[in-house]
Amino acid sequence: MRSVFFFTLVLTLTATVSRAEIKVGDLFPALPSAGLVGGTVPATEGKILVVDFWASWCAPCKASFPALGKINTDYAPRGVVLVGVSVDEKASAYAAFVKKQAPPFLALHDVAQQLVRAVVVPAMPTTYVIGRDGKVRYLHAGYHGTTTDQHLRAELDVLLAEKS
Amino acid sequence: MSSRLLLALLLSAAALVSGCATTTALVQPWERATLADYTMRPDRDPLALALAEHVYFSRESAAGGRGVGGSGCGCN
């Protein structure tokens, strides 16, 4: 009978911790096979990549766009690829938002929410800084104004200083 | 109660409990579009809110305590 109780406990605990969230150090899913639409998925192999998950209904996401746009302007010439990934369920919401706001960086649409389900973002927005080896080096859950902006820039500087 | 029946009951209960414990039952951060909608805001109609506050004050001799930040999208 003791083994039955033990089995029950293990089953319950296993179900509780079954969340497969992409964390720092994990390999980030490849963008070309992630089902992204709305633009050409850039070549990211061997490059430093910033992936920002956003949605048209997410106010902090919208607040982060100007800062991300400046980061894109400053770091794209140095080889950093910045991609915004919309997780909007409705394609019309994504299209209307992109048309109205015109994000100052490549804004693709995770049309089937395939990538976001694979990554399991902890909050909206979430920004992943991915190294040249394809592994997540830094992760920002939420947008906290200039603090996030400064951290992102410092992290990109660290990654750029590393040997390719 | 036979041990076999008890075992079956325990396994059924475990399966049910584990189903409740999985995160698939939660609203994930990317699924909160409806919660973030304007109509979900408690302060979307100032007149209705003022009326409700008046009724509440008349009945309870108290006011306030309704402060809820955000629209429910769970952003940040």
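Select A:Q113 in this predicted model. A:Q113 counts as partly exposed, with 17 C-beta neighbours inside 10 Å. The residue sits in the loop between β4 and α4 of chain A. Its phi is positive, at about 55°, although it is not a glycine.

A second residue with this backbone feature can be displayed next. A:A102, also not a glycine, has a positive phi of about 45°. Its place is the loop between α3 (91-101) and β4 (106-110) of chain A. A:A102 is exposed, since 10 other C-beta atoms lie within 10 Å.

Continue to the loop between α4 (114-119) and β5 (126-130) of chain A, where A:P125 is found. The peptide bond from A:M124 to A:P125 is cis, with omega near -5°.

**The whole of chain A**

Now colour chain A by secondary structure. Five helices and six strands should appear, and along the sequence they follow the pattern α-β-β-α-β-α-β-α-β-β-α. Of the 164 residues of chain A, 32% count as buried. Among the contacts of chain A with a separation of 6 or more, 72% are accounted for by residues 24 or more positions apart.

**Strand β4**

Select β4(A). Is this strand enclosed by the rest of the structure or exposed? It is largely enclosed, because four of its five residues are buried.

Add its pairing strands to the selection. β1 (residues 36-37) of chain A pairs with β4(A) in the antiparallel sense over two bridges. To locate this pairing, pick A:V37, whose bridge partner in β4(A) is A:H109. Strand β3 (residues 80-86) of chain A, in contrast, runs parallel to β4(A), and four bridges join the two. Here A:G84 is the residue to pick, as it stands opposite A:A107 in β4(A). When inspecting such strands, recall that in a regular strand the side chains alternate between the two faces of the sheet.

**Helix α5**

Move to α5 (residues 146-161) of chain A. This helix has 16 residues and reaches 22 Å from its first C-alpha to its last, close to the 22 Å expected at 1.5 Å a residue. Which residues of α5(A) are buried? They are A:L152, A:L156 and A:L159. These residues cover an arc of only 65° around the axis, which means that they lie on the same side of α5(A). Rotate the view to the other side of α5(A), where A:T146, A:T147, A:Q150, A:A154, A:D157 and A:A161 are exposed.

Return to the buried residues of α5(A) and show what surrounds them. They pack against β2 (48-54), α2 (59-75), β3, β5 and β6 (136-141) of chain A.

**The nonpolar core**

Finally, display the largest nonpolar core, which has 37 residues. The residues with the most contacts inside it are A:V51, A:F53, A:A55, A:C58, A:V85, A:V116 and A:M124. Two or more residues each come from β2, α2, β3, β4, α4, β5 and α5 of chain A. Which element gives the most to this core? That element is β2(A), with six residues.

End the tour at A:V116. Leaving aside its neighbours within four places in sequence, A:V116 is in contact with A:F53, A:V87, A:D110 and A:V121, and also with B:W30 of chain B.

Technical notes:
Residues numbered from 1 in each chain as written. Chains lettered and ligands numbered in written order. Predicted model: local features only at pLDDT ≥ 70, side-chain atom pairs only at ≥ 80, totals over all residues. Buried ≥ 20, exposed ≤ 12 C-beta atoms within 10 Å, placed from the backbone. Contact = placed C-beta atoms within 7 Å. Pairing = 2+ DSSP bridges. Expected span 1.5 Å × (residues − 1). Arc of directions from axis to C-beta. Core = buried A, V, L, I, M, F, W, Y, C linked by C-beta atoms within 7 Å.
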